[in-house]
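Morning, everyone. I have one model to show, and I will go through its helices and its empty spaces.

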Amino acid sequence: MKLTDKQLYDLRMKVRHIAEHDLDALSSETERTNVWPEKLWDICREHGLLRFRLPEQYGGMGLSCEQFFPIMEEMSRGNGGIRMMLHHVNGLGWHILHDHGAEDLKNKLLPKIGTGEYYINFALTEPGCGSGADIRTKAEKKGDKYVLNGRKTLISFTDVANASYVLTVTDESKRKKGGLSAFLVETNRPGFRIEPMPHMMGCKGAGHGDIVMENCEVPAHNIVGKEGDGLDIFKNALALSRASIAVCLLGMSQRFLELAIKRAKDRVTFGKALVQRQAIQQTIADMGTQVYALRSMLMDLARDFDQGKDIELKSAMCKLHGIDTSRTVSDACIEIFGGIGYFEDNPYGPVERLYRDARAMWFEEGPRTVQRLTAARPLIDNGGNIE
């Protein structure tokens, strides 16, 4: 679907209002219970929040990345846990199955993802190892089934997921090239269980847990792609998801900037509004410059993705700059707010909650150290050429 500039702007403003009002109104209950109210799903269905990127043939809007990124930016101005869910459903939740799954599974499940009836989470990380070729979860083929054994940790949305994308070792001798495979594993299969984890600092409601698989049988039909394709499938999916996290960091940073300016105009010390002080003006200018740079980087990446170009390098750079931007802008915002910014329910907005929520995105799809390594390798190989 191709939106006109006017349609895109109207949709952005609608989503901003929903994020800052309808969804934020659920925050008090979610912060207390760490569970999303049922009303969340009603709001998502009513306004189509789960189907922006889903192809039209499955009931989605089929927006391009260049169209969707501004929408995702607006979603990210609200509750952090709900932002995590909306980012996931509009990205990893459908993308892997759509690109690599069996046709009957796509036709059955993709329309349900767009209505919130079916949720697929992403199970990669394991305790005691990284998130790639050194994983330990194994899948052994037995006839027309695979038997899975292993443990995944820090997995989001284990409390609501109907299935998981699970990366496994299928050939120990080919770990780095053709030895890993991906599966769609339904959570109600015998041998599949969830062990809940403690609550997070922020992003409440996005329930996390360990996934334990003990002789869990999965039909060979549930393999995603072909045997041995798993690592490439997950890496490619993570490149776009990493960029989407950077969009979320952008949305939150933009809101921090706006809140900081509003507070600086209202806060008076020694008879003078903070916004009139040169030091504060310089801080605001630095905040705005970082936000502008991040937005420009992301829209460049979105155009590349829509044109079918490789985005792994740029996605790592966007996520890296996104972390730095959110860190600088959120710290500056709290500093401008002063003590009131440290309290819940201050009259300017949920600064305290947003500050906590922002920290989760430093680790989603890899921290700064991982992004720097991911960016450094192709830069060195290409002699510094970014395009």
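Helices (H or I, at least four residues) and strands (E, at least two) are DSSP runs here, numbered from the N terminus. Two remarks on the source. This is a predicted model, where local features need pLDDT of at least 70, side-chain atom pairs count only at pLDDT 80 or more, and totals for chains, interfaces and linings use all residues. Residues are numbered from 1 along each chain as its sequence is written, and side-chain values use heavy atoms, with hydrogens and water left out.

The chain as a whole, then. Its secondary structure comes to 12 helices and 10 strands. The radius of gyration is 21 Å, close to the 21 Å that the globule rule gives for 387 residues, so the chain is as compact as a globular protein of that length. That radius is taken over C-alpha atoms, and the rule is 2.2 Å times the number of residues to the power 0.38. The C-alpha trace spans about 80 × 50 × 45 Å along its principal axes.

Now the helix packing. Axes are lines fitted to C-alpha atoms, for helices over the stretch in contact, and angles run from 0 to 180 degrees between N-to-C directions. How do helix 8 and helix 9 cross? Their axes come within 10 Å, at roughly 155°. That makes helix 8 roughly antiparallel to helix 9; the term covers angles over 145 degrees. The crossing of helix 8 with helix 9 is left-handed, meaning that the near helix is turned anticlockwise from the far one by less than a right angle. Their contact has 19 nonpolar residues, three polar and one charged. For these classes, Ala, Val, Leu, Ile, Met, Phe, Trp, Tyr, Cys and Pro are nonpolar, Asp, Glu, Lys and Arg are charged, and the others, Gly among them, are polar.

Helix 9 also packs on helix 10, residues 312-337, at about 155° with the axes 10 Å apart. Helix 9 and helix 10 are therefore roughly antiparallel, and this crossing is left-handed. The contact of helix 9 with helix 10 holds 15 nonpolar, seven polar and four charged residues.

Next, the spaces. On a 1 Å grid over the protein atoms alone, a cavity is a set of points where a 1.4 Å probe fits but cannot get out; a pocket is an open set with protein on both sides within 12 Å along at least five of seven lines; and lining residues have an atom within 4 Å of a point. Points are joined across faces, edges and corners, and a volume is the space filled by probe spheres set on them.

How many cavities of 30 Å³ or more are there? The search finds one, with a volume of about 40 Å³. F69, P70, E73, V247, L250, R295, L298 and M299 line this cavity. Helix 4 (65-75), helix 8 (230-266) and helix 9 (278-306) each give two or more residues to that lining, which has six nonpolar, no polar and two charged residues.

The second largest pocket has a volume of about 450 Å³. Its lining has 27 residues, with N236, A237, A239, L240 and F305 nearest the centre. Which helix gives the most to this lining? Helix 8 does, with nine residues.

Note on methods. Parallel < 35°, antiparallel > 145°, perpendicular 65-115°, else oblique.
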